[in-house]
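Trainee: I am new to this structure and would like a close look at a single part of it. Please take one helix and show how the rest is arranged around it.

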Amino acid sequence: MARNWMVAAAVMVGMAAGVMPAAAQEAAPVCTHVRGASAEAQALVADGLRRSETIRSLVAALEASDVIVYVDMVYVARGPVAATSLTTANAAVRMLRVRISPILDADRALEILGHELQHAAEIAADARVRDAASLRAHSEAVGWATDASNDHFETKAAVSAERLVRCDLAGRPCADGGR
Ligand SMILES: [Zn+2]
């Protein structure tokens, strides 16, 4: 009996240390709409919540939306270092997948996480985005195509979010407000 209790306690302590870094214990963010698809991705999201006000506010916006984002640390085939795509949409929820290259260093991965979460927040704010065609229409309306195939789009706000995260990590405000 005593032995079992010890084991259970050890497991719980281990889990608490894993999800709640010491610096974030006072206000551990509750986050259910931005999920890491792997331990590595979960650690990236937790790191972003701890270190970047920009990421915290993007996650807060997503928490209040019908969008759930799965962050995965995988390559985008023949694509950029990261991408956000729509996986499913139903009456209750829209699922997005954010892929981030696994070879980026920790700070760069956070900048890119902020960039992609901004794309996710843009999609969350546009309830019409429900499939590939409406995602394309949305992307053309808020941004511009970055390649001839018209499969990748960029937005000013996402580029700005990436810069804001860089300033957050450096512990200083962006001189130009991130624009
Ligand atoms: Zn982008």
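Mentor: What follows looks at helix α4 and then at its surroundings.

This is a predicted model, in which local features need pLDDT of at least 70 and side-chain atom pairs count only at pLDDT 80 or more, while totals for chains, interfaces and linings use all residues. Residues are numbered from 1 along each chain as its sequence is written. pLDDT is the predictor's confidence in each residue, from 0 to 100. The chain has an average pLDDT of 86, and 82% of the residues score at least 70. Over residues 1–24 pLDDT stays under 50.

The chain has six helices and six strands. Helices (H or I, at least four residues) and strands (E, at least two) are DSSP runs, numbered from the N terminus. Along the sequence they follow the pattern α-β-α-α-β-β-β-α-α-β-β-α.

Helix α4 covers residues 106–124. The expected span of a helix is 1.5 Å times one less than its number of residues. The 19 residues of α4 should therefore span 27 Å, and the end C-alpha atoms are 26 Å apart, which agrees.

Is α4 covered or open? It is mostly covered, with 16 of its 19 residues buried. A residue is buried if 20 or more other C-beta atoms lie within 10 Å of its own, exposed if 12 or fewer, and partly exposed in between, with C-beta atoms placed from the backbone. Of the 179 residues of the chain, 29% count as buried.

Next comes the core. A nonpolar core is a set of buried Ala, Val, Leu, Ile, Met, Phe, Trp, Tyr and Cys residues joined through C-beta atoms within 7 Å. The largest one has 34 residues, and L62, V69, V71, L113, L117 and A120 touch the most other members. At least two residues of this core come from each of α2 (39–51), α3 (53–63), β2 (67–72), β4 (94–100), α4 and α6 (156–170). Helix α4 gives the most, with nine residues. In soluble globular proteins, nonpolar side chains tend to be buried together.

V69 shows how these pieces meet. Two residues are in contact if their C-beta atoms, placed from the backbone, lie within 7 Å. Leaving aside neighbours within four places in sequence, V69 is in contact with H33, V34, R35, L62, L96, V98, L117 and A120.

The strands come next. Two strands pair if DSSP finds at least two bridges between them. Four strands form an open sheet in the order β1-β2-β4-β3, with mixed pairing. Its edge strands are β1 (34–36) and β3, each of which pairs on one side only. Strands β2 and β4 pair in the parallel sense over six bridges, and Y70 has R97 in β4 as its bridge partner. Strand β3 (residues 82–89) runs antiparallel to β4, joined by seven bridges. These two strands form a hairpin with four residues between them, and T88 has M95 in β4 as its bridge partner.

Finally, A125 is found in the loop between α4 and α5 (132–142). A125 counts as partly exposed because it has 13 C-beta neighbours inside 10 Å. A125 and A61 are 64 residues apart in sequence and 9.0 Å apart in space, C-alpha to C-alpha.
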